[in-house]
Amino acid sequence: MPLRPLGLGDVLSGAFTVFRRNARVLLLWSFLLSGIVGLLTQLVSSLTRASLQTRLFSALDGGRDAATVAAGAVTLFALVSIGLPFLSGLLRGFLVAPIAVDTGQRVLGRRATFRGTWSLLAGRRWSVVGWVLLQALAGVVFGGGLLALGVGFVAALAASRASWGWFLLAILVLGLGGGVVVVWLTTRFAFTVPTIALEGRSVFSAAAQSWRLTRGAFWRTFGIMLLVNAAFAVAAGIASFPLSAGSALVGGVFDPLGQTSASSGVGAGAVVLLVVGALLVIAVQCTADVLTGAVVTLLAVDRRIRTEGLDQRIAAHLDTGDPADPFAPATPLPAARGPWGPSPQGWVAGPQWGAPQQWGPPQQWGPPAPEPPRWNGPDGTP
């Protein structure tokens, strides 16, 4: 990584270099933390779709215990569609920590092993877990408040017998407003986990540091993260085509009456296609998670270079070994004050112009000069 402020090309090439030179360790972390749960989510959601559809149809037919069947179907849908992705998202949030540690070691010219990465996270793991859980709690509270606000709007509009256009407008405004708030907060706190992993700060101190680092760089950070996530979403969408085709076969789209049995070969082929598609999606997702974590870490490093002179600390560490940990929180130097206000960090304020200056006698360099002869006589004799 060049020891200077990083551009977009530096960030992207650095992320791919980090992945290429330690792909085995990073993919192992990604698979253990998000890949396994993601694979289970893909397979369970696809295989239970047909069962869920059958239960809903039986409840709609008005048979015996229709309410119980419908409640069970809704509960199954919530567990499959919300619970497993939520757990996968929590583990994916923790995944940024080992990726940040490996990226920091790569910046210093070192290569971290799987066990070494875990050792470097000693004393920082629970802070990462605390931040992930705090994010989940904030999401639940914010989502619940937004839902309550939407229900209140709908109830008020229904009491006033407004037209359906007002209902749609209220839902649209709430959705867009909530989305803007979520995106803004996500961007401002994007560097929290890399800060915990690299600097060893506590949860709230790391969140405050992320807020400071993104001050004045919100749109740049948001644009790069949006570009990276959009590119990986397209790649994941292409990779998920076999999974979608297998889900369609398992769900009975090509055989809605259930006339095709597994003995005809279509059922077994659909299951094989489903498993292969799920593995392909998880492989792409694991790679995308690693690259995204490396990009976020390099963006945090770039902001520290621009605001704290981290590049000079890294260069000093590589040359002399001091400081021992260049990523540790930097101690700000006391700013000297001049009449123009606080001077930049590390500079010494000059004299205060306008105040009387006391100038001493001029310094004499070398031996004193001989005195000129004195002409006193009328005839010019000394």
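Before anything else, let me fix one term: contact here means heavy atoms within 4.5 Å. What I am showing this morning is a predicted model, in which local features need pLDDT of at least 70 and side-chain atom pairs count only at pLDDT 80 or more, while totals for chains, interfaces and linings use all residues. Residues are numbered from 1 along each chain as its sequence is written, and side-chain values use heavy atoms, with hydrogens and water left out.

Let me start with the overall picture. The protein has 13 helices and 2 strands, where helices (H or I, at least four residues) and strands (E, at least two) are DSSP runs numbered from the N terminus. Of its 382 residues, 33% are buried, and by buried I mean under 20% relative accessible area, with exposed meaning over 50% and partly exposed anything in between, for a 1.4 Å probe and protein chains only. The protein exposes about 22,800 Å², of which carbon and sulfur atoms supply 68%; accessible areas come from the Shrake-Rupley method with a 1.4 Å probe, and for residues only the protein chains shown count as cover. Among contacts with a separation of 6 or more, 72% are between residues 24 or more positions apart.

Now to the interior. The largest nonpolar core has 51 residues, and those touching the most other members are Val128, Phe191, Val295, Leu299 and Phe327; a nonpolar core is a set of buried Ala, Val, Leu, Ile, Met, Phe, Trp, Tyr and Cys residues joined through side-chain atoms within 4.5 Å. Helix α12, residues 266–308, gives the most to this core, with 11 residues. If we set aside neighbours within four places in sequence, Phe191 is in contact with Ser210, Leu213, Thr214, Thr221, Val296, Leu299, Ala300 and Arg303.

Staying with α12, which residues does Asp289 contact, leaving aside its neighbours within four places in sequence? Asp289 has its place in that helix and counts as buried because its relative accessibility is 10%; its contacts are Ser30, Ser34, Arg92, Leu95 and Ile99.

Ser34 also appears in the surroundings of Ser88, a residue of helix α4 (residues 66–107), which touches Ser34, Val37 and Gly38 when residues up to four places away in sequence are not counted. Ser88 is buried, at 5% relative accessibility, and its C-alpha is 8.4 Å from that of Thr41, although the two are 47 residues apart in sequence. Also in α4 is Leu76, which counts as partly exposed because its relative accessibility is 27%; Leu76 and Ser45, 31 residues apart in sequence, have their C-alpha atoms 9.8 Å apart.

Next, a helix pair. Helix α7 (residues 164–188) and helix α10 (residues 218–239) pack at an angle of about 100° with their axes 10 Å apart, the axes being lines fitted to C-alpha atoms, for helices over the stretch in contact, and the angles running from 0 to 180 degrees between N-to-C directions. The two helices are therefore roughly perpendicular to each other, given that angles of 65 to 115 degrees earn that label, under 35 counts as roughly parallel, over 145 as roughly antiparallel, and the rest as oblique. From α7 the contact uses Val183, Trp184, Thr187 and Arg188, and from α10 it uses Phe218, Thr221 and Phe222.

Further along the chain, helix α8 (residues 192–199) is mostly covered, with 8 of its 8 residues buried, including Pro194 and Glu199. Just after α8, Gly200 takes a positive phi of about 75°. As background, most residues other than glycine have a negative phi, and most peptide bonds are trans.

That brings me to the peptide bond between Asp322 and Pro323, which is cis, with omega about 10°. Pro323 is found in the loop between α13 (310–320) and β1 (337–338).

In α13 itself we find Ile314, which is buried, with a relative accessible area of 0%. Apart from neighbours within four places in sequence, Ile314 is in contact with Leu3, Val107, Leu108, Pro326 and Phe327, and Phe327 is one of the core residues I listed earlier. Between Ile314 and Ala324, 10 residues apart in sequence, the C-alpha to C-alpha distance is 9.7 Å.

I will finish with Gly150 in helix α6 (residues 125–159), which counts as buried at 16% relative accessibility. Gly150 and Phe167 are 17 residues apart in sequence, and their C-alpha atoms are 9.6 Å apart in space.
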